[in-house]
Structures are given as C-alpha cells and as structure tokens.
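The following exercises concern charged side-chain pairs and cysteines. Each task is followed by a solution in steps.

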Amino acid sequence: MRVLGIETSCDETGVALYDTDTGLLGHALHSQVGVHADYGGVVPELASRDHVRRLVPLVERVCAQAGVDRAGIDAVAYTAGPGLVGALLVGAAAAQGFAWARGIPVLAVHHMEAHLLAPMLEPDAPAFPFAALLVSGGHTQLVAVDGPGAYRLLGDTVDDAAGEAFDKTAQLLGLGYPGGPAVARAARAGRTGAFRFPRPMTDRPGLDFSFSGLKTAARHALAGVDGTEQDRCDIARAFEDAVVDTLVLKCRRALGETALHRLVVAGGVGANECLRAALAAIDGVQLHFPRLEFCTDNGAMIAYAGACRLLAGESSPRRIAARPRWPMTELAPFAGVA
Ligand code: KG4
Ligand code: ZN
C-alpha cells in the first residue's frame, strides 16, 4: 500500500510517499523561513497562504521522484493537529479532496505521534516499550510508550516549550528566526561559564519542565552587559547549556522511574547537536533519533504514521476538520507498526 503524507501544521509544507512493503519512496519539503523572517516568528495567515501555494507542486514533485502517478496512491494521511488551525485546514482540505476524488481512505494523523514514530523510519528502529522525549516548538513532553499508540504522559512543560524558549531567546539576542539553529550557532562561539543560568525544576521530584524563566535569565544577563557579539554568544551558550542539562536530567530520571532503557528523541529541538551528544553520554541507554531532516517537521513521518494506522485497519471520517489542541493520550492503541 502506498500512502501519501501531507504535513502543514506550522511553517513547513512537507509531502512524502511511503510504501508499506518497500519503505519511503520520496519526500519533499518547503520551508517558509523566508516568509516569516522579517516578522521574527510565524505569522499564521501567511503560513496558511503559503501552504496553499506549495502543496500541489510538492505532491507532483514527490510523485515524479517516486515514479508513481496519482492512480498508484492507495491512501492519504494528513496532519489533523495539533498546530495552527488555518495551516492545518489547508492540509486537511487538500488530503480530503484528493482522497474523495480517488475514492481512497484518508487518515487524520496526530503530529506528535508522527514525530514520536519518526525513528521507525531508520534502520535501527526502536522496539517497544520505550520512553520518548518530544521537544518541538509547541511541546516538551516525556512519554512512556507502552506499545503502538499507547502513550502515558510522564512530564510536560508548565509554560514555554523548549523550542519556543530557543525561538524567544534568539529574538531577544537579535539572532533572528528560526531561533533554535541560530542560538545553537551562536553558542558555539560562546564561552562556557561566562554566564550561569538555572536548571529549572530540577531541584524537586517530578518530570515536568519550565523554560520561561531561562528567557528571563537571558534578558537580565543581556541588560547587565554591553551586548557585544561575544556577550550574545556567551548568553546563547549559557542558555543552551541550561536547556540541555535540564532535558538530560529529566530523561535520566524518567528512565530510572520507569525502568525503561530505550529512549526516543523527536521533534525540532532533537536536531540540537549538544542535546544529542549529552543524551548519548547517558550510561546504559539505547538512544534513537530520526535522521536530522526528520527531527523537524516533514511529510515522511506523517505518511509513516498514517501507514501504521492504515495497516492496523483504521481510517478517518471524510470531514475537513482540524484539532489545534489534541492531547496525545487521547489516541487509541493500534495493532503494530508498519
Ligand atoms: O518539530 P518542529 O519542526 O515543529 C514543531 O512541531 O513545533 O520544531 C521546531 C522547533 C523550533 O522551535 C526550532 O527553533 C527548534 O525546533 N529547533 C532547534 C534546532 N532546530 C530546530 N532547537 C535547538 N537546536 C536546533 N538545532
Ligand atoms: Zn513538529
């Protein structure tokens, strides 16, 4: 079965074609960085309009890449939430239209489940059960994954998501958008220990996170210096060190408390090289990441998550609908991964 995947939840249009027998046949991505850069963050209406412009050409490109024409597609999976409502509706309308015209099933995919399953596209796919650290622009969650679709939330952010904190700190430091990669780049030229930021909520039990204080710490640090390039790099270094240390500590704690020894890391912040290196240094843990391009938003993870649920016998209603907020724990377990 060949499943077309459509991702339009935020500022990237992603399309992919996944074959349940042979794996990924093709994928393409259009990033809206150029659309939003002048505004220092995602402008939802501009995001929706850009998805409208990009989606059909991307589908055509992926079909050509894969050597598959439209008649060779057996189902369509799309991101139904969580995300920006207008952006989600573009993908939902396109997917439902395509599926209706061809008379094929449609699958409304949960964006965070797709992130979580993305490492399954790699040769060393993790076995169940495992713990997952989901770190994106909108989420920072630790999840116990008991089986396909069976998720227990262990910890969540009480304020900003990790990616959001990167983005806001980047803006504060004048590093531009998107913030994560910009802060990481600046941090490379920063001096460790020039500033020291707190490791929020690590001094008490529990697996929740809080990152909004780090952005405030960065603001205070910046106010106390001249704001030279070196100052800003030093602050970026202190910020990244604090986020990485905090995430690593909570991952260790989650693995200890659940007695799990496999850890999946997914979502845009999972592309952060310092985080990847620090997690890799945890003793006795089997670590699984998607390849870098599948850490951030992409169509491949949507096609794959849809394919898993399709194979398990699921399909979604023929209704153009989006769920901007959608707790992952509401999802139903499914029979097995593709
Ligand atoms: O998963 P994603 O592409 O989109 C959402 O679902 O939100 O994650 C985007 C987030 C942004 O906040 C971005 O700044 C962050 O991931 N990000 C990074 C890096 N690359 C992307 N954060 C830290 N270091 C990176 N290298
Ligand atoms: Zn995402």
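**Exercise 1.** Determine which residue forms a salt bridge with Glu-330, and classify the accessibility of both partners.

*Solution.* In this predicted model, the partner of Glu-330 is Arg-323. The closest N and O atoms of the pair are 3.1 Å apart, and the cut-off for a salt bridge is 4 Å. Next, consider accessibility, where partly exposed lies between the limits of 20% and 50%. Glu-330 has a relative accessibility of 48% and therefore counts as partly exposed. Arg-323, with a relative accessible area of 35%, is partly exposed.

**Exercise 2.** Identify the network that Asp-160 joins through salt bridges that share partners, and examine the pair Lys-168 and Glu-164.

*Solution.* Shared partners join Asp-160, Glu-164, Lys-168 and Lys-215 into one network. Within the pair Lys-168 and Glu-164, the closest N and O atoms are 3.1 Å apart. Both residues lie in helix 5, which covers residues 162-172. Because they are four residues apart in that helix, about one helical turn separates them. Lys-168 is partly exposed at 31% relative accessibility, and Glu-164 is partly exposed at 27%.

**Exercise 3.** Explain why the salt bridge between Asp-245 and Arg-199 ties together parts that are 46 residues apart in sequence.

*Solution.* Begin with the contact: the closest N and O atoms of Asp-245 and Arg-199 are 2.8 Å apart. Then locate the partners. Asp-245 belongs to helix 8 (residues 229-258), while Arg-199 sits in the loop between helix 6 (179-188) and helix 7 (212-223), so the pair links parts that are 46 residues apart in sequence. Finally, compare the two with the accessibility limits. Asp-245 is partly exposed, at 38% relative accessibility. Arg-199, at 16%, counts as buried, because the limit for buried is under 20%.

**Exercise 4.** State how many salt bridges and how many disulfides the structure holds, and account for Cys-251 and Cys-274.

*Solution.* The structure holds 18 salt bridges and zero disulfides. Cys-251 is in no disulfide, since a bond requires two cysteine sulfur atoms within 2.5 Å, and the nearest cysteine sulfur, that of Cys-295, is 13 Å away. Cys-251 is buried, with a relative accessible area of 0%. For Cys-274, the closest cysteine sulfur is in Cys-233 at 13 Å, which is too far for a bond. Cys-274 is partly exposed, with a relative accessible area of 32%.

Key
Residues are numbered from 1 along each chain as its sequence is written. Chains are lettered from A and ligands numbered from 1 in the order in which they are written. This is a predicted model: local features need pLDDT of at least 70, side-chain atom pairs count only at pLDDT 80 or more; totals for chains, interfaces and linings use all residues. Side-chain values use heavy atoms; hydrogens and water are left out. A salt bridge is a side-chain nitrogen of Lys or Arg within 4 Å of a carboxyl oxygen of Asp or Glu. Helices (H or I, at least four residues) and strands (E, at least two) are DSSP runs, numbered from the N terminus. Buried means under 20% relative accessible area, exposed over 50%, partly exposed in between (1.4 Å probe, protein chains only).
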